[in-house]
Each structure stands twice: as structure tokens, then as C-alpha cells.
Amino acid sequence: MSRDYGDIAEANLVTLAALGEERAFAELVRRRQGATRGLLRRLCGNAALADDLAQDAFVQAWRTLSQLRNAAAFGGWLKQVAVRTWLQHARKAKLALETLDAADAVPMAPAADGERIDLDRALARLGPAQRLCVTLSYGEGLSHGEIADATGWPLGTVKSHVARGGARLREWLS
Amino acid sequence: MSDDPFVREDSGLARLFAEPADPAGGEAFVAGVTGRIARRRRLRTAAPLAALAVLLLAVWATWPAAETAATLSIHGIALLGNGLSAFFTSPVGTTIAGALLLPLAVWAWATGRLRAYFR
């Protein structure tokens with residue numbers, strides 16, 4: 001389908017896609033789908049739902065691509081679109097996102113003595129807000145400021161989520 | 001990179017997150033996205049035609065009441081149009097319309113919102 005575009009630099013593909021070239025956008029999807037689906041799978045803990053949200057995120061990206069000023073920033077921008085898509089889903093599903101207390105209130109079964117849990121299971125035990133902040137910080141390498149920009153949450157809230165979530169993960173995975 | 005000192009120091013967690021989690025079915029996923037975009041475009045094209053068809057059907061079903069309503073509406077629109085045309089042919093009206101519409105059009109074009117609507 002879009003094999004012709006396989007050798008083209010991403011920034012050029014973004015420019016072509018912004019002008020309405022669908023095959024260029026399909027190539028962008030091909031290149032970025034692994035990272036986007038991986039991010040959303042960590043946030044959702046459900047592969048089918050994550051893929052559905054990832055498709056929504058790419059459709060949203062296609063719709064608003066002409067608003068992207070810097071084609072070289074496509075990767076970071078797409079990440080923000082994916083995070084916003086997940087946040088919309090979380091709000092619709094009435095997941096507790098807004099406060100630290102609400103995130104902490106997610107029930108967590110304690111691990112049995114000596115039980116080692118993997119990263120995905122540990123993430124699933126975090127509250128949604130902590131999971132988001134920890135994944136973006138450790139997994140995607142975003143700074144606290146960038147996470148605050150992507151989520152619209154105050155910087156202090158983001159720092160608390162990263163610190164508390166990270167401490168819990170270290171405890172569970174040690 | 002993250003500015004949390006814990007993040008920088010704790011390379012163990014960062015390493016766990018860095019493990020590749022490449023989901024299978026990449027081509028099917030791409031086909032899913034392009035399919036959704038095509039469906040969205042078809043819907044955007046079909047929706048006005050469907051609305052027009054429903055309107056025509058409603059007119060046909062309610063004739064001659066629809067004719068009376070349409071006549072009254074058109075008369076009302078004509079009256080409104082006369083008033084508006086008097087306003088917009090005056091120097092003040094032309095200036096106000098230009099001052100409102102020109103920046104709006106420039107903003108919609110420059111921010112890509114005009115193109116985004118039709119994608």
C-alpha cells in the first residue's frame with residue numbers, strides 16, 4: 001500500500017500527510033504504531049482496548065495534523081495525542097484521575113510473600129494517574145513539565161504521582 | 001529525560017520500561033486506521049446528502065402544510081435579508097463585517113482548522 005514511502009524521512013512524510021497524502025500517513029502509522037500501542041497497553045493493561053484507543057489516536061492525529069507547526073516534533077506530538085485520547089477514555093470510564101487520594105484509593109491486593117511480579121502487573125496495580133505519570137516519566141523519558149503539559153495537571157501533582165508511583169514499583173519489583 | 005533524581009538513579013526501573021514491547025499485527029493495525037479514516041470521510045460526505053433526503057421526504061409527507069410554512073419562512077427571511085442588506089451596504093456595516101470576517105478567515109486558515117474540518 002505505502003511501500004513507496006518506506007525510504008522517506010519522517011519529517012517529509014509528516015509534511016505530505018498534512019497536505020492530505022493518505023499513503024504518507026499510512027507509512028507514519030506503520031512506523032509509529034508499535035510505540036503508540038505499547039504506551040497505551042501500559043496505560044490500559046488491556047491489549048484490545050489499547051489498540052482501539054491507539055486507532056482513535058491516529059485518526060485524531062490525521063484530523064489535526066495540519067495544526068502541527070514543526071514536522072520534526074511529530075513523535076512527541078503523537079505521544080500527546082495518545083495521552084489525551086487515553087485521558088478522555090479514562091474520564092468517560094470514570095476512572096479516578098484528578099487527585100492523589102483518588103489514585104491511592106485504587107484497591108491493591110498485596111503480593112504474597114516471596115512473589116515476584118512483572119512490570120505490567122505492577123503497573124496495573126497502580127492507580128490510573130500514577131500509572132500514567134510513571135509510564136510517561138520512566139517509559140517515555142518525558143520531564144515532569146512535559147507530563148504536566150500533556151495531561152493538563154499541575155506540576156506538583158505530576159511530581160507526587162511520579163515519586164509515589166515509582167516508589168511503589170520499586171517496592172513491588174524488588 | 002525525566003528530572004526526577006530517583007529516575008536518573010534507578011536505572012533498574014528505567015531498564016524494565018525500556019524492554020521492547022512490540023505488539024504483533026502491525027499491518028492489520030495500519031489497515032484498521034486507514035479503514036476508520038475512510039469511514040469517517042464517507043460519513044462526512046454522506047451526512048449532508050442524507051439530511052437533504054430526510055428534508056425532502058418531510059416536505060413531501062407534509063405537503064401542503066410544508067408549502068405554507070416555507071412561504072412564511074421565505075417571507076421572513078426576505079424581510080430579514082432586506083434589513084441585513086441595508087445594514088451591510090452602509091459604510092459602518094461593511095467595515096464591521098470586514099473587521100469580523102477577515103481575521104476569522106485568516107485564523108481558520110492559518111491554524112489549519114479550515115482544512116481539518118474537511119479531512
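User: What percentage of the 174 residues of chain A count as buried?
Analyst: This is a predicted model, in which local features need pLDDT of at least 70 and side-chain atom pairs count only at pLDDT 80 or more, while totals for chains, interfaces and linings use all residues. Residues are numbered from 1 along each chain as its sequence is written, and chains are lettered from A and ligands numbered from 1 in the order in which they are written. A residue is buried if 20 or more other C-beta atoms, placed from the backbone, lie within 10 Å of its own, exposed if 12 or fewer do, and partly exposed in between. By that criterion the share for chain A is 41%.

User: How many helices and how many strands are there in chain A?
Analyst: Both are DSSP runs numbered from the N terminus, helices being H or I over at least four residues and strands E over at least two. Read from the N terminus, the elements run α-α-α-α-α-α-α-α-α, and the tally for chain A is 9 helices and 0 strands.

User: Is Arg168(A) buried or exposed?
Analyst: Arg168(A) lies in helix H9, which spans residues 155-173 of chain A. Because 19 other C-beta atoms are found within 10 Å, Arg168(A) is classed as partly exposed.

User: Which helix gives the most to the side of chain A that touches chain B?
Analyst: With contact meaning C-beta atoms, placed from the backbone, within 7 Å, 31 residues from chain A and 28 residues from chain B take part. Helices H2 (22-44), H3 (47-64), H7 (128-139) and H9 of chain A each supply at least two residues of that side of chain A. The one that gives the most, with 9 residues, is H2(A).

Methods:
Two residues are in contact if their C-beta atoms, placed from the backbone, lie within 7 Å.
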